Amino acid sequence: MSDATTSSAAAKTPKVRFSPQRVWTMAMATVTQLIRMKILAFLVLFCLLAVGAGFAFSVINPEQQLSLLKSVTLGALQIFSIVIGVVSTALLLPKDLEDRTLYTILSKPVPRFDYLLGKLIGVLMLIGGGLIVMDAVLSLILWMRQSLLFDEAVEHLRMEKMDSTEAVTQVREIVAKQGLTWNLHWAVWAIFLKATVVTTVALLLSSIASSTLFTIVIAFCVTIIGHGEALIREFFFTPNLSGMTGRAAALLLAAICPDLAQFDIVDSVVNGEIVPWAAVLNMTSIAAIYMTVCLFITHLVFAEKEL
Amino acid sequence: MPDTPAVSVNHLTKVFKGTLVKGAFRAVQDLSLTVKAGEVYGLIGPNGSGKSTTMKVILGLLKPTEGDTSIFGVPSSEVASRSDVGFLPENPYFYKHLNGRETLHFYGSLCGMRGAKLKERASEMLALTGLEDAATRRVGGYSKGMLQRLGLAQALIHEPRLLVLDEPTAGVDPAGSRKIRDLIIEFRSRGITVLVTSHLLEQMQEVCDRVGIMAHGRMVREGRLEDLIAVENQTEMVIENASPALLAQIDALVKAAGGDTRLLRSGHPRTTLERLFLEATNEAKKS
């Protein structure tokens with residue numbers, strides 16, 4: 001066949017461009033797959049257990065009770081959103097390749113980027129959905145617990161004959177500070193952002209590695225290192241601590257691993273501190289940058305991958 | 001573009017990079033072939049001869065080391081080349097959590113199909129491949145033959161002009177295998193081009209217009225099936241109800257002709273084991 005025929009046919013065939021509909025199809029298939037693998041049910045069950053555990057410890061005052069409930073539940077959400085993000089992503093890509101499902105998908109007019117993005121969005125939709133459900137449940141429980149604890153505290157003051165208006169107002173303020181506020185939702189949003197970054201890193205690793213175990217192990221290593229970026233920076237900027245090799249290694253680690261401590265606002269929320277809008281915006285921007293960079297590198301790797 | 005071939009492979013070479021332990025592996029070496037629009041082309045060869053690698057390069061799943069491939073004139077490196085292709089890999093698996101109909105809807109959606117058109121086409125494909133009764137069953141519970149037929153249905157969902165089938169009858173029982181061959185013949189009658197690989201040469205002989213034989217990554221024979229399998233210096237006659245006397249006369253005539261003319265063999269033609277199996281199992285089904 002002549003080059004002229006090829007080029008004329010290529011010119012007449014419309015280009016296949018990025019399609020949000022196609023990405024949505026992939027994402028929905030991924031969500032359905034994960035839901036039918038009972039992953040969401042597992043997340044919800046675990047977090048409900050965590051909420052239960054939040055009530056189980058003996059505590060001194062209402063403030064402590066509410067703080068403990070938030071601490072245990074948000075901690076559980078944080079761990080499990082990361083675990084689900086890493087494990088799901090590490091499993092899905094190699095499984096599609098092993099089962100040859102990837103062949104049937106990519107032999108259709110499906111750009112590889114659409115496939116990757118669809119898979120990522122699917123996993124994030126599952127994590128996001130789970131977090132929304134848990135946020136709603138936690139908000140409800142916190143609100144109920146807050147009302148109950150306030151009534152109990154006022155009753156206690158009344159019995160002690162200390163129920164002055166100032167004392168009641170003070171109790172109300174303490175309980176309200178530790179109770180249901182917008183800060184709780186921001187904490188859940190920060191957990192989602194952190195899971196998003198870790199999941200995107202897992203997707204990148206998954207596109208490079210052929211082993212699921214390797215992806216999972218390295219993704220968790222990156223997560224752990226990512227939480228200690230401040231230490232790495234300190235190590236790098238303190239000349240007396242190590243030689244050139246150590247500093248180069250620290251620089252490399254800091255460059256490779258995303259700074260996950262940027263999303264650590266859970267402790268502040270548990271302590272009843274107010275999270276400013278600027279901090280939320282900052283976190284969201286950082287997550288968007290990490291995600292874009294990781295996804296771009298993943299696309300470059302996956303586009304060249306021999307299947 | 002009536003003259004544009006369905007598939008064009010020009011001087012294709014594919015070398016898989018080696019590792020520290022193993023050296024590089026040359027899977028395909030300077031392969032050229034052309035599949036004309038509307039024909040059934042069989043690519044045959046032993047395991048490791050490079051058939052599947054060639055198919056993957058044609059489908060853009062692998063990049064060629066040298067040479068190029070195109071589908072209906074569009075280079076395989078472009079995603080658009082897959083707009084007119086349906087692919088059935090060897091022993092396909094689909095998302096086990098979906099049922100047959102959902103699987104077809106999924107693949108149809110990936111090809112940009114939507115709404116009533118997609119539903120109608122999925123039903124049509126389920127009927128064509130005989131999977132209507134299993135349409136609402138999870139794919140995880142499908143037999144190998146059903147998976148293979150579902151694979152054909154997904155390959156056809158977007159009405160491609162070219163079907164690429166990698167060992168379509170592998171692991172399928174004779175009845176299922178016959179069904180797939182009948183479908184291939186039907187595709188040809190509908191004007192769909194088929195590029196198929198198989199180890200089962202007898203089956204290929206039934207459906208292919210042209211074949212290419214590959215060995216060690218190279219094309220060793222290629223051409224029209226009838227031309228390739230004809231034994232030029234022999235003639236076959238099949239006579240019904242011939243008496244022993246007539247056969248003796250024929251034998252005498254051949255001997256009388258002299259020269260190199262010889263009667264090599266005579267006897268009752270035999271059916272194939274496959275045909276016998278299909279007849280026997282159909283009789284059992286009827287009774």
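Let us start inside chain B of this predicted model, where two bridges join strand β4 (residues 66-71) to β5(B), the two running antiparallel. One of the pairs to look for is Ser70(B), whose bridge partner in β5(B) is Pro75(B). Step back from this pair and you will find an open sheet of four strands in chain B, ordered β2-β1-β4-β5 and paired in the antiparallel sense. At its edges stand β2 (25-35) and β5 of chain B; each has a single partner strand, so one side of each is left without a neighbour in the sheet. Helix α1 (residues 51-58) of chain B packs on this sheet, where it touches β1 (7-16), β2 and β4 of chain B. The direction of α1(B) makes about 115° with that of β1(B).

Follow α1(B) onward, and it leads you to another set of strands. The helix also lies across β3 (40-44), β7, β8 and β9 (210-215) of chain B, running at about 150° to β7(B). These strands belong to an open sheet of six, with the order β6-β7-β8-β3-β9-β10 in chain B and mixed pairing. Its edge strands are β6 and β10 (218-224) of chain B, each of which pairs on one side only. Ignoring direction, neighbouring strands in this sheet are turned by 15° against each other on average. Helix α5 (residues 174-189) of chain B lies across β3, β7 and β8 of chain B, and here the angle to β8(B) is about 150°.

Strand β8(B) deserves a pause. Strand β7 (residues 162-166) of chain B and strand β8 (residues 193-197) of chain B pair in the parallel sense over five bridges. Within this pairing, Val164(B) has Leu195(B) as its bridge partner, while Asp166(B) stands opposite Thr197(B). Strand β3(B) also pairs with β8(B) in the parallel sense, over four bridges. If you look for Leu195(B) again, you will find it as the bridge partner of Tyr41(B).

What about the two faces of β8(B), buried or exposed? Both are covered: Thr193(B), Leu195(B) and Thr197(B) are buried on one side, and Val194(B) and Val196(B) are buried on the other. Five of the five residues of β8(B) are buried, so the strand is largely enclosed by the rest of the structure.

From here we can turn to the nonpolar interior. The largest nonpolar core has 142 residues, and those with the most contacts inside it are Ala187(A), Ala190(A), Ala219(A) and Val164(B). You have already met Val164(B) as the bridge partner of Leu195(B). Helix α8 (residues 182-208) of chain A gives the most to this core, with 17 residues. Take Ala187(A) as a place to look around: leaving aside its neighbours within four places in sequence, Ala187(A) is in contact with Leu74(A), Ile265(A), Val266(A) and Val269(A).

Now for the place where the chains meet. Here 32 residues of chain B are in contact with 29 residues of chain A. On the chain B side, β5 (74-75), β6 (85-88) and α2 (100-110) each supply at least two residues. Which element gives the most to the side of chain B that touches chain A? That is α2(B), with four residues. The residues on this side of chain B divide into 21 nonpolar, eight polar and three charged. The strands β5(B) and β6(B) that contribute here are familiar: β5(B) stands at an edge of the four-stranded sheet, and β6(B) is an edge strand of the six-stranded one.

Finally, let us look at how chain B is laid out as a whole. Chain B is divided into domain 1 (7-229) and domain 2 (244-286), and the C-alpha centres of these two domains lie 37 Å apart. Glu240(B) sits in the loop between α7 (225-229) and α8 of chain B. With 4 C-beta neighbours inside 10 Å, Glu240(B) counts as exposed. The C-alpha atoms of Glu240(B) and His268(B), 28 residues apart along the chain, are separated by 9.8 Å.

Further along, Asp251(B) has its place in helix α8 (residues 244-257) of chain B. Asp251(B) counts as exposed because it has 12 C-beta neighbours inside 10 Å, and the cut-off for exposed is 12 or fewer. Between the C-alpha atoms of Asp251(B) and Leu263(B), 12 residues apart along the chain, the separation is 6.9 Å.

Key. Residues numbered from 1 in each chain as written. Chains lettered and ligands numbered in written order. Predicted model: local features only at pLDDT ≥ 70, side-chain atom pairs only at ≥ 80, totals over all residues. Contact = placed C-beta atoms within 7 Å. Nonpolar A, V, L, I, M, F, W, Y, C, P; charged D, E, K, R; others polar. Domains from an automatic or database assignment. Pairing = 2+ DSSP bridges. Axes fitted to C-alpha atoms, helices over the stretch in contact; angles between N-to-C directions. Core = buried A, V, L, I, M, F, W, Y, C linked by C-beta atoms within 7 Å. Buried ≥ 20, exposed ≤ 12 C-beta atoms within 10 Å, placed from the backbone.
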